[in-house]
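The following report describes a single chain, element by element, for a reader who has the sequence and the coordinates at hand. The sheet comes before the helices, and two individual residues are taken up at the end.

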Amino acid sequence: MNIARHIALIDELCFRPFPAEHGPSDDGFGGPGHHVAVLETDDGPDGDPARRAVTVDRFEEDHDAVYEVLASRWGDTGPWNPRTGREGTPEPWAWLAARVGVARVWEVQGTGRWVAVAVADRDPDGVVRLLAVVTRTPPP
């Protein structure tokens with residue numbers, strides 16, 4: 001875990017230009033109006049549910065540490081509970097909703113951008129990720 005590195009990347013994404021096309025980036029992927037950064041990732045399933053549970057717990061702890069730093073800066077926020085399959089949900093929120101149970105979301109004043117941080121643990125293949133999303137689209 002390197003919380004300082006995660007915060008530095010989120011700060012950078014708040015000002016990095018959005019890509020014109022969908023595609024990979026050095027830290028995840030992006031598209032018109034959004035960046036998705038994979039802050040941490042698990043190597044994927046090895047068939048051991050106990051190992052997966054430990055990974056999810058560790059990523060939740062890292063999520064909480066990132067949240068504490070961002071909340072001290074941008075304010076305390078309640079959880080954003082996505083509704084998967086909700087018609088008309090804009091990207092990247094629809095993509096995020098399919099992968100996370102809950103996210104923390106802030107509007108970053110003066111930038112026209114929104115930041116979300118979440119643990120993605122809904123992947124049927126077992127991959128667990130700590131994600132940061134920066135977008136100009138407000139959450140639904």
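## Sheet, helices and two buried residues

Residue A116 stands opposite V133, which belongs to strand β7. This pair is part of a predicted model, and the strands concerned, β6 (residues 113-120) and β7 (residues 129-135), pair in the antiparallel sense over 7 bridges. A further pair between them places A120 opposite R129 in β7. Strand β7 also pairs with β3, again in the antiparallel sense and over 7 bridges, and here the bridge partner of H34 is T135 in β7.

These pairings belong to an open sheet of 7 strands, whose order is β1-β2-β3-β7-β6-β5-β4 and whose pairing is antiparallel. The edges are taken by β1 (23-25) and β4 (79-80), each of which has a single partner strand, so that one side of each is left without a neighbour in the sheet. For β7 the surroundings can be described through burial: 6 of its 7 residues are buried, and the strand is therefore largely enclosed by the rest of the structure.

Two helices lie across the sheet, and both of them cover β7. Helix α1 (residues 3-13) lies across β3 (34-41), β6 and β7, and runs at about 170° to β3. Helix α2 (residues 49-74) lies across β3, β5 (100-108), β6 and β7, its direction being at about 160° to β6.

How do the axes of α1 and α2 cross? They come within 10 Å of each other and cross at roughly 50°, which makes α1 oblique to α2, because an angle between 35 and 65 degrees is neither roughly parallel nor roughly perpendicular. The crossing of the two helices is right-handed. On the α1 side the contact involves I3, H6, I7, I10 and D11, and these meet D62, A65, V66, V69, L70, R73 and W74 in α2. By residue class, the contact of α1 with α2 divides into 8 nonpolar, 1 polar and 3 charged residues.

Two buried residues, one in a strand and one in a loop, can be set side by side.

| Residue | Relative accessible area | C-alpha to C-alpha separation |
|---|---|---|
| W106 | 2% | 18 Å to F18 |
| D42 | 10% | 34 Å to G110 |

W106 is found in strand β5 and is buried, because its relative accessible area of 2% is under the 20% cut-off. Leaving aside neighbours within four places in sequence, W106 is in contact with Y67, L70, A71, W74, G75, T77, R113, W114, V115 and V117. Of these contacts, L70 and W74 also appear in the list of α2 residues that α1 meets. F18, by contrast, is 88 residues from W106 along the chain.

D42 lies in the loop between β3 and α2, and with a relative accessible area of 10% it is buried as well. With neighbours within four places in sequence again set aside, D42 is in contact with R51, T55, F59, G126, V127 and V128. The separation of D42 from G110 in sequence is 68 residues.

Technical notes. Residues numbered from 1 in each chain as written. Predicted model: local features only at pLDDT ≥ 70, side-chain atom pairs only at ≥ 80, totals over all residues. Heavy atoms only, no water. Pairing = 2+ DSSP bridges. Helix = DSSP H or I, 4+ residues; strand = E, 2+ residues; numbered from the N terminus. Contact = heavy atoms within 4.5 Å. Axes fitted to C-alpha atoms, helices over the stretch in contact; angles between N-to-C directions. Buried < 20%, exposed > 50% of the residue type's maximum accessible area, 1.4 Å probe, protein only. Parallel < 35°, antiparallel > 145°, perpendicular 65-115°, else oblique. Left-handed = near helix turned anticlockwise from the far one by under 90°. Nonpolar A, V, L, I, M, F, W, Y, C, P; charged D, E, K, R; others polar.
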